[in-house]
Amino acid sequence: MLLTGGSIAGAAPAPVAAAPDIPLANVKAHLTQLQSIATANSGNRAHGRSGYKASLDYVKAKLDAAGYTTTIQQFTSSGSTGYNLIADWPGGNTDEVVMAGSHLDSVTSGAGINDNGSGSAAVLETALAVARAGYQPTGHLRFAWWGAEELGLVGSRYYVNNLSSANRARISGYLNLDMIGSPNPGYFVYDDDPAIETTFKGYFAGLGVPTEIETEGDGRSDHAPFKNAGVPVGGLFSGADYVKTAAQAAKWGGTAGQAFDRCYHSSCDTTANINDTALDRNADALAYAVWTLSS
């Protein structure tokens, strides 16, 4: 269902198309490419560095080949040109835009494969799944990869600030994925918009996976500019440098007394720093939410 829509009185609800399973192997293949890009570009994919632009070019090429309308938005931060990538799936009601996004930049100290290659790869593969399915939602789908998040949400804030008030109002929901493959993972759901929160929680409940409300990164990722502008937001997170408690280890597995991601913002945030199960579940949850909220 659309976040701001509703059934016409007396009319039977339209059937909701089933979201596809997002192939873990495809998501991991994107991470392998992002790692290769970092390795070839001084070990990182940070704003203002060659590795970031190469990452953007990789994602854009995949989307262009799949039939998306892509736009590169430029901005300046810390004396360097930054780039956001926006991809629109043709069709759907452009007064009801369901948007999913992630930051594509790493810190300078490493390749940024969990933070945030994981979210970027899941958003990309969900977008490609839309194309493979020939999905024609009621709402309009838009996907985004943000630059310079690590410098203070610069790219996403630039995007939101440059939307007209009318275009901001057309976004019925923004879904944010930032770190979804942490090696000692938790399953955290943003508690901002009730409809989005319920959708994500419902997906995980169907798997028998308990969730907790996300608090560690609240306001510290790219959903914040949207939320501050009045756009309904939600998202997923598997944990950063907070320590997993004994109670959390009891329900999720993993190691109590250890950070969710010991390689957070470090050189060891490589393709070896990913929990496949968390990555797979969160990517599938995103696809479920995109299909459910746009149909």
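This report walks through the sheet, a few chosen residues and one pocket of a predicted model.

Residues are numbered from 1 along each chain as its sequence is written. Local features need pLDDT of at least 70, side-chain atom pairs count only at pLDDT 80 or more, and totals for chains, interfaces and linings use all residues, while side-chain values use heavy atoms, with hydrogens and water left out.

## The sheet

Start with the strands. Helices (H or I, at least four residues) and strands (E, at least two) are DSSP runs, numbered from the N terminus. Two strands pair if DSSP finds at least two bridges between them.

Here 8 strands form an open sheet. Their order is 1-2-4-3-5-8-6-7, and the pairing is mixed. Which strands stand at the edges? They are strand 1 and strand 7 (212–213). Each has a single partner strand, so one side of each is left without a neighbour in the sheet.

Strand 1 (residues 69–77) and strand 2 (residues 80–88) run antiparallel, joined by 9 bridges. Together they make a hairpin with 2 residues between the strands. Ser-78 takes a positive phi near 55 degrees in this hairpin.

On its other pairing, strand 2 meets strand 4 (residues 139–146) in the antiparallel sense, over 4 bridges. Strand 2 is largely enclosed by the rest of the structure, because 7 of its 9 residues are buried. Buried means under 20% relative accessible area, exposed over 50%, and partly exposed in between (1.4 Å probe, protein chains only).

Strand 6 (188–189) and strand 7 run parallel, with 2 bridges. The table gives some residues that stand opposite each other.

| Residue | Opposite residue | Strand of the opposite residue |
|---|---|---|
| Gln-73 | Asn-84 | strand 2 |
| Ser-77 | Ser-80 | strand 2 |
| Ile-86 | Ala-144 | strand 4 |
| Phe-188 | Glu-212 | strand 7 |

One general point helps when looking at such strands. In a regular strand the side chains alternate between the two faces of the sheet.

## Ser-182 and Met-179

Now move to a loop. Ser-182 lies between strand 5 (171–177) and strand 6. Is Ser-182 buried or exposed? Its relative accessibility is 0%, so Ser-182 counts as buried.

The side chain of Ser-182 makes a polar contact with the side chain of Asn-114, at 3.1 Å. A polar contact is a pair of N or O atoms within 3.5 Å; within protein, one must be able to donate a hydrogen and the other to accept it, and residues adjacent in sequence count only if both atoms are side-chain atoms. Leaving aside residues up to four places away in sequence, Ser-182 touches Asn-114, Ser-238, Gly-239, Phe-260, Asp-261 and Asn-275. Contact means heavy atoms within 4.5 Å.

Met-179 is in the loop between strand 5 and strand 6. Met-179 is buried, because its relative accessible area is 2%. Its phi is near 70 degrees, a positive value in a residue other than glycine.

## Two glycines in helices

Gly-51 is found in helix 2 (residues 50–66). With a relative accessible area of 0%, Gly-51 is buried. Residues up to four places away in sequence aside, Gly-51 touches Ile-37, Asn-41, Asn-44 and Arg-45. Its C-alpha atom is separated from that of Ser-106 by 9.1 Å, and the two residues are 55 residues apart along the chain.

Gly-117 sits in helix 3 (residues 113–133). Gly-117 counts as buried, at 0% relative accessibility. Not counting residues up to four places away in sequence, Gly-117 touches Leu-31, Leu-34, Arg-45 and Gly-112.

## Backbone exceptions

Most residues other than glycine have a negative phi, and most peptide bonds are trans. Ser-42 has a positive phi of about 60 degrees, although it is not a glycine. Ser-42 is in the loop between helix 1 (24–40) and helix 2. At 71% relative accessibility, Ser-42 counts as exposed.

The peptide bond from Asp-115 to Asn-116 is cis, with omega near 5 degrees. Asn-116 is found in helix 3.

## A pocket

The lining of the second largest pocket has 5 nonpolar, 4 polar and 7 charged residues. Ala, Val, Leu, Ile, Met, Phe, Trp, Tyr, Cys and Pro count as nonpolar, Asp, Glu, Lys and Arg as charged, and the others, Gly among them, as polar.
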